[in-house]
There are 2 protein chains.
Amino acid sequence: MLSERQMMILRAVVRDFTNTGVPVGSKALAKQLPIHVSSATIRNEMAALEEQGLIKKTHSSSGRIPSVEGYRYYVDHLVKPDPLRPNDIDVIQSSLGGDFHKIDEIISQSATILSNLTSYTAFTLKPELKDSRLSGFRLVPLGKRQIMAILVTDSGDVENQTFDVAGDVDGEQLEAVVRLINDQLVGLTLPEVLKKLQAEIPAQIANYLQSPQGFLDIFGDVLTRAAQERFYVGGRLNLLNFSQDSDVDSLKSLYSLIDKTDDIASVLGQPSDKISVRIGNEMTNDALRNFSLITATYDVDQHGQGMIAILGPTRMPYSRMLGIVGAFREELAKKLLDYYRFYDE
Amino acid sequence: MLSERQMMILRAVVRDFTNTGVPVGSKALAKQLPIHVSSATIRNEMAALEEQGLIKKTHSSSGRIPSVEGYRYYVDHLVKPDPLRPNDIDVIQSSLGGDFHKIDEIISQSATILSNLTSYTAFTLKPELKDSRLSGFRLVPLGKRQIMAILVTDSGDVENQTFDVAGDVDGEQLEAVVRLINDQLVGLTLPEVLKKLQAEIPAQIANYLQSPQGFLDIFGDVLTRAAQERFYVGGRLNLLNFSQDSDVDSLKSLYSLIDKTDDIASVLGQPSDKISVRIGNEMTNDALRNFSLITATYDVDQHGQGMIAILGPTRMPYSRMLGIVGAFREELAKKLLDYYRFYDE
DNA sequence: TTTAGCACTCAAACTAATCAAGTGCTAAGA
DNA sequence: TCTTAGCACTTGATTAGTTTGAGTGCTAAA
């Protein structure tokens with residue numbers, strides 16, 4: 001559809017605009033492009049590109065900026081991920097080099113690294129098996145009136161919560177409840193557990209506890225949290241950099257968005273094995289109209305698939321960002337493989 | 001030092017300015033004040049107030065706004081806390097009315113309530129005994145390679161952390177370590193524990209574990225966290241409302257400030273039993289130059305003393321805010337007393 | 001197909017003019 | 001001695017008008 005020359009121009013428009021933020025005009029392009037044609041020719045080509053909806057003007061006599069469709073074409077056909085800068089490699093190596101005692105530390109640290117590399121906001125999700133199953137449940141008495149409920153899944157997730165109980169803690173009762181849970185529910189997927197929890201369990205538990213509701217609440221809480229994907233977020237504050245015309249309201253809705261696990265999960269969407277770029281209003285969420293989201297999955301063999309993502313202004317240098325995300329997913333997968341190898345074998 | 005009339009004028013200037021944000025002029029005051037003098041008289045009085053540094057002009061022919069000293073005088077001598085609005089009472093009652101299973105839920109909820117009432121940012125700190133002591137330590141094996149460390153203090157704080165260990169978990173070893181900790185350290189204050197942890201403990205632990213360092217790290221982590229005061233923050237996003245001229249940098253430093261426990265602890269300062277107001281640059285921290293902080297302590301009998309605080313623009317309606325903070329501290333203390341009574345007796 | 005040339009558009013930056021709110025000061029009155 | 005009417009003056013905000021510069025589309029010729 002596009003001639004070679006048009007592609008070259010589109011690429012240059014995106015490059016220039018993402019670097020400088022200023023609409024680019026025909027003269028600047030004529031000077032800069034490797035081919036040697038006059039600005040009038042460029043203008044004609046630009047008119048053609050505009051015709052196809054790939055670039056647009058900010059006002060009738062301005063230079064051009066890419067439209068969402070233009071970015072899309074650029075990302076799909078024209079961009080080549082930049083190789084990492086030596087400096088970036090150092091950052092990754094040193095930040096991911098240390099000793100970690102749990103997966104979550106690595107994942108959370110990764111969000112920070114990614115946000116540092118990009119100076120945008122980053123999200124990371126740890127590798128997950130598709131349907132993780134309940135693998136254990138404990139109630140640990142902590143003191144006079146305090147109990148900690150601990151729930152473990154077969155993918156190694158741990159959720160816990162302490163709560164207070166009135167009256168003395170009866171060790172017998174606790175044991176019985178724990179046994180009940182472990183007998184009836186271990187091995188089921190979390191949604192299945194949740195279903196049973198609403199169906200037969202309450203009646204059974206009533207045999208052991210005089211006031212089962214409190215316990216069911218707690219267990220439900222912990223379970224729900226375990227069932228939720230837990231994103232780590234790095235560089236939250238970087239969003240402030242792009243609050244064009246300091247629109248406090250949209251900033252607020254943006255922040256409430258990224259702080260709600262469910263919302264952010266739905267925005268990040270399904271894992272797919274390639275790197276995906278979503279641009280501006282390609283995301284249905286209105287708060288993200290001026291943002292782009294790059295997501296990528298990473299595989300850690302039998303331990304499942306995780307996800308990393310960065311959220312920045314639509315006007316981001318895609319080639320560099322794609323380079324960073326692409327390289328980082330591999331580094332992270334490698335690091336996690338090492339980690340699992342160390343602790344599993 | 002100030003005449004009655006001057007006080008009246010200062011009070012009116014602060015009231016007007018905090019309500020409208022517009023510098024107030026002599027004419028408006030003359031119309032509004034209960035005494036009946038001309039604007040020229042008011043002007044003379046204002047000149048006197050300015051002489052004393054209590055009010056100032058934004059430019060040579062503008063109306064007056066209070067200076068930090070003016071706010072201070074107002075807060076110290078002129079303000080009378082507003083009674084709560086019926087609506088506010090409802091909010092408190094309904095948000096604090098539900099059932100809670102742990103102190104922290106009440107405290108964290110309180111931060112949210114306070115921020116809702118004030119539309120500023122609120123901090124809450126749970127009641128603390130002066131030197132809380134280690135009252136228990138557990139290591140709970142969770143799965144193949146996972147262990148959870150749990151630390152409990154005598155004031156009911158619980159900190160926990162999971163970590164992975166290489167090689168099989170040896171129940172014997174864990175028991176021995178737990179016994180060691182409980183024998184040697186329970187009953188000590190946390191700083192004392194920390195000191196011992198660096199002195200004699202490592203050698204002793206080396207008897208039971210082949211690689212004690214990992215364990216010591218974890219234990220140190222959990223301990224440090226337990227020793228830190230944990231503030232709950234409500235209404236973070238409200239800070240965005242006051243980012244005058246949308247200065248991204250100062251906003252960023254503000255946010256990094258309130259997210260660092262140690263920093264915010266030092267800003268909030270020592271508990272004192274009255275309600276305290278710190279205004280603008282009375283706080284040394286530069287990021288807070290345009291903010292005021294109202295802190296108040298609350299007592300829960302033998303369970304110690306907690307703190308609540310709100311952070312808003314220097315230009316805040318102090319009478320209303322003082323009313324809210326004063327009323328809320330009492331509501332909270334009452335609620336907590338009930339809570340303790342229910343679970344303790 | 002390319003390009004020089006030209007008329008045209010528009011945002012941004014600057015200037016000038018006006019307005020409204022407020023001040024300080026002076027001199028007269030109570 | 002305190003109060004006040006009156007007045008000259010200052011200042012930020014608003015508005016309208018100009019200028020500038022970067023850019024465009026279009027036409028006609030190469």
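This passage walks through how two protein chains sit against each other and against two DNA strands, and how two domains of chain A meet.

A few ground rules come first. The model is predicted, so local features need pLDDT of at least 70 and side-chain atom pairs count only at pLDDT 80 or more, while totals for chains, interfaces and linings use all residues. Residues are numbered from 1 along each chain as its sequence is written, chains are lettered from A and ligands numbered from 1 in the order in which they are written, and side-chain values use heavy atoms, with hydrogens and water left out.

Take DNA strand C to begin with. A residue is called near a strand if one of its heavy atoms lies within 4 Å of it. DNA strand C is surrounded by 19 residues, and the closest are A:Ser38, A:Thr41, A:Ser60, A:Ser61 and B:Ser26. Looking from the DNA side, 76% of the strand C atoms within 4 Å of the protein belong to sugar or phosphate, and the rest to bases. By class, the surface near DNA strand C has three nonpolar, 11 polar and five charged residues. Here nonpolar covers Ala, Val, Leu, Ile, Met, Phe, Trp, Tyr, Cys and Pro, charged covers Asp, Glu, Lys and Arg, and polar takes the others, Gly among them.

Which parts of the fold supply this surface? Helices (H or I, at least four residues) and strands (E, at least two) are DSSP runs, numbered from the N terminus. H3 of chain A and H3 of chain B each supply at least two residues of the surface near DNA strand C, and H3(A) has the largest share, with four residues. Zooming in on single atoms, the side chain of B:Arg43 has an N or O atom 3.2 Å from a base nitrogen of DNA strand C. Sugar or linking oxygens of the strand turn up too: a polar side-chain atom of A:Ser60 lies 2.8 Å from one, and a polar side-chain atom of B:Lys57 lies 3.4 Å from one.

Now for DNA strand D. There are 19 residues around it, with A:Ser26, B:Ser38, B:Thr41, B:Ser60 and B:Ser61 coming nearest. Sugar or phosphate accounts for 75% of the strand D atoms within 4 Å of the protein, and bases for the rest. The surface near DNA strand D divides into three nonpolar, 11 polar and five charged residues. Helix H3 (39-51) of chain A and helix H3 (39-51) of chain B each supply at least two residues of this surface, and H3(B) gives the most, with four. Phosphate oxygens of DNA strand D have polar side-chain atoms beside them: one of A:Ser26 at 2.6 Å, one of B:Thr41 at 2.6 Å and one of B:Arg5 at 3.1 Å.

Next comes the meeting of the two chains. Contact (heavy atoms within 4.5 Å) takes in 41 residues from chain B and 41 residues from chain A. Buried area is the accessible area (1.4 Å probe) that two parts lose on being put together, summed over both. Chain B and chain A bury about 3300 Å² between them, with carbon and sulfur atoms giving 58%. B:His101, B:Asp164 and B:Tyr343 supply 17% of the area that chain B buries against chain A, more than any other three residues. A salt bridge is a side-chain nitrogen of Lys or Arg within 4 Å of a carboxyl oxygen of Asp or Glu, and the count between the chains is zero. What the chains do have is 15 residue pairs in polar contact (both at pLDDT 80 or more). A polar contact is a pair of N or O atoms within 3.5 Å; within protein, one must be able to donate a hydrogen and the other to accept it, and residues adjacent in sequence count only if both atoms are side-chain atoms. Elements giving two or more residues to the chain B side include strand S6 (158-164) and helix H13 (318-344), and S6(B) has the largest share, six residues.

Finally, chain A itself. An automatic or database domain assignment gives domain 1 (4-78), domain 2 (86-120 + 235-344) and domain 3 (134-227). The centres of domain 1 and domain 2 of chain A, taken over C-alpha atoms, are 29 Å apart. In chain A, 10 residues of domain 1 are in contact with 11 residues of domain 2, and the two domains bury about 920 Å², 64% of it on carbon and sulfur atoms. One salt bridge is counted between them: A:Arg72 pairs with A:Glu282, the closest N and O atoms being 2.8 Å apart. On the domain 1 side, helix H1 (4-20) and helix H4 (68-78) of chain A give two or more residues each, and H4(A) has the largest share, five residues.
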